[in-house]
Amino acid sequence: MRAGVGGVREKDLPWGERDASGRRAVLAEILAQVSSEAFEGENLQAVLQRIVDCVARRLPVAIASIILLDEDGGHFVQEVWAGRIGLDLPGDLPWPVTVGAAGRCVRSGRAQLIADVQHDPDYVPGNRDVRSEYLVPILHRGRLHGVLNLESTRADFFTPEVCATFDAVASQVAGTIHLTRVVLELEQANRRLQLLSMSDGLTGIANRRCFDQRFAETWRRQAEAGRLLALLLVDADCFKPLNDACGHLYGDECLRELARLCREVARGPDELVARYGGEELALLLPDHTAPQARRRAECLRRRVEAERLAHPASPVAPHVTVSIGVGVTRPDASIPDQALIAVADRALYAAKTRGRNRVAVRTMAHARGPRDADR
């Protein structure tokens with residue numbers, strides 16, 4: 001590294017003491033660093049902050065900022081900045097693009113070089129020490145994301161070479177914003193697909209796949225905590241005769257109503273309502289004793305009766321009813337979770353054989369095996 005003025009290494013020289021080649025070297029280094037910073041941050045805010053920090057640190061700009069637009073392009077909604085002096089915005093965010101030189105940059109879609117801010121009609125004074133300003137539209141494939149704003153206390157700083165570098169920086173920023181937003185859109189699409197893959201298309205509640213996953217997770221969690229877990233299996237009584245008598249469209253509507261009622265009964269943050277299969281629904285209720293689970297099941301049974309959904313082919317009642325089997329246990333990691341499903345299923349069978357439209361409860365004590373609690 002050759003020495004500069006007074007033996008100071010050229011890389012340490014202030015901008016004003018560098019020759020043309022030294023300044024070009026700094027601009028090239030900044031552009032390379034900005035390209036690198038575009039992949040370093042954890043999120044868009046962090047990436048943009050690293051970029052303006054780099055520019056403000058390496059060059060004699062009093063302010064380096066990136067001002068982002070809303071989706072419609074009518075208002076500035078976010079600013080990321082770095083610099084050695086304070087700067088007032090032309091108004092509280094959001095502020096319209098009809099205001100200020102940054103707004104003019106957006107409206108025209110072209111870079112704006114203001115050699116003397118005191119004589120520019122659109123410049124909104126933010127700091128009395130600022131002498132010149134350069135604004136570049138952050139544009140990617142026809143979409144304007146915002147403005148790169150540089151302000152200097154020097155009137156002669158924004159040479160054509162410096163401006164060309166900032167044009168390139170703005171292009172890098174535009175590409176970074178575009179890539180970040182594409183990634184965000186993909187993540188949102190993946191979340192929607194994940195949600196769809198876990199939802200029952202007919203009723204809108206969780207499907208069997210979701211139930212199996214959540215049940216296994218809940219079983220492990222409750223086993224580790226030594227806490228209770230209740231499972232309700234809900235079966236629409238005489239559902240095949242209902243479909244035969246009234247048609248599948250009506251049967252589907254009844255299932256949707258049953259799902260809605262189940263959701264209203266199981267509203268807790270850790271509770272789950274799922275379509276277990278066919279006309280059978282499942283409610284997963286952590287931290288419920290047998291009496292508590294019975295009360296929830298009875299509440300659901302009565303609410304289904306109160307809906308009075310017509311069932312002309314039922315030997316139980318002239319309206320849709322449900323039988324509910326309740327299984328309750330304190331999960332044990334050494335026992336498969338399917339054991340609770342088997343207990344709830346036996347309770348459901350008991351409810352059906354005793355006349356339907358009723359609740360049967362069985363608890364699972366590991367030392368004694370299943371115990372009927374429907375008495």
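What follows is a conversation about how some features of this predicted model get their names.

Trainee: What should I know about the model before we begin?
Mentor: This is a predicted model, in which local features need pLDDT of at least 70 and side-chain atom pairs count only at pLDDT 80 or more, while totals for chains, interfaces and linings use all residues. Residues are numbered from 1 along each chain as its sequence is written, and side-chain values use heavy atoms, with hydrogens and water left out.

Trainee: Why is strand β9 called largely enclosed by the rest of the structure?
Mentor: Buried means under 20% relative accessible area, exposed means over 50%, and partly exposed lies in between, with a 1.4 Å probe and protein chains only. Strands (E, at least two residues) and helices (H or I, at least four) are DSSP runs, numbered from the N terminus. In β9, residues 280-286, 7 of the 7 residues are buried, so the strand is largely enclosed. Both faces are covered, with Glu 280, Ala 282, Leu 284 and Pro 286 buried on one side, and Leu 281, Leu 283 and Leu 285 buried on the other.

Trainee: How do you know that β7 and β8 are joined to β9?
Mentor: Two strands pair if DSSP finds at least two bridges between them. Strand β7 (residues 229-236) has 7 bridges to β9 and runs antiparallel to it, and Leu 229 has Pro 286 as its bridge partner in β9. Strand β8 (residues 272-277) has 5 bridges to β9, again antiparallel, and Arg 275 stands opposite Leu 281. The hairpin of β8 and β9 has 2 residues between the strands, and there Gly 278 takes a positive phi near 55 degrees.

Trainee: What makes Asp 122 and Arg 104 a salt bridge?
Mentor: A salt bridge is a side-chain nitrogen of Lys or Arg within 4 Å of a carboxyl oxygen of Asp or Glu. The closest N and O atoms of Asp 122 and Arg 104 are 2.9 Å apart, and the pair forms a salt bridge. Asp 122 lies in the loop between β4 (112-114) and β5 (132-140) and Arg 104 in helix α3 (residues 100-108), so the pair ties together parts that are 18 residues apart in sequence. At 26% relative accessibility Asp 122 counts as partly exposed, whereas Arg 104, at 18%, counts as buried.

Trainee: Which residues does the network around Arg 260 join?
Mentor: Arg 260 forms a salt bridge with Glu 257, the closest N and O atoms being 2.8 Å apart, and both lie in helix α7 (residues 248-265), 3 residues apart, about one turn of the helix. Arg 260 also meets Glu 264 in a salt bridge at 2.9 Å, N to O. Salt bridges that share partners join Glu 257, Arg 260, Glu 264, Arg 303 and Glu 307 into one network. Glu 257 counts as buried at 17%, while Arg 260 is partly exposed at 25% and Glu 264 is partly exposed at 22%.

Trainee: How do you know that the span of helix α8 agrees with what is expected?
Mentor: The expected span of a helix is 1.5 Å times one less than its number of residues. For the 18 residues of α8 (residues 290-307) that should be 26 Å, and its end C-alpha atoms are 26 Å apart, which agrees. Among its buried residues are Ala 290, Ala 293 and Val 304. With contact meaning heavy atoms within 4.5 Å, the buried residues of α8 pack against β7, α7, β9, β10 (322-329) and β11 (359-365).
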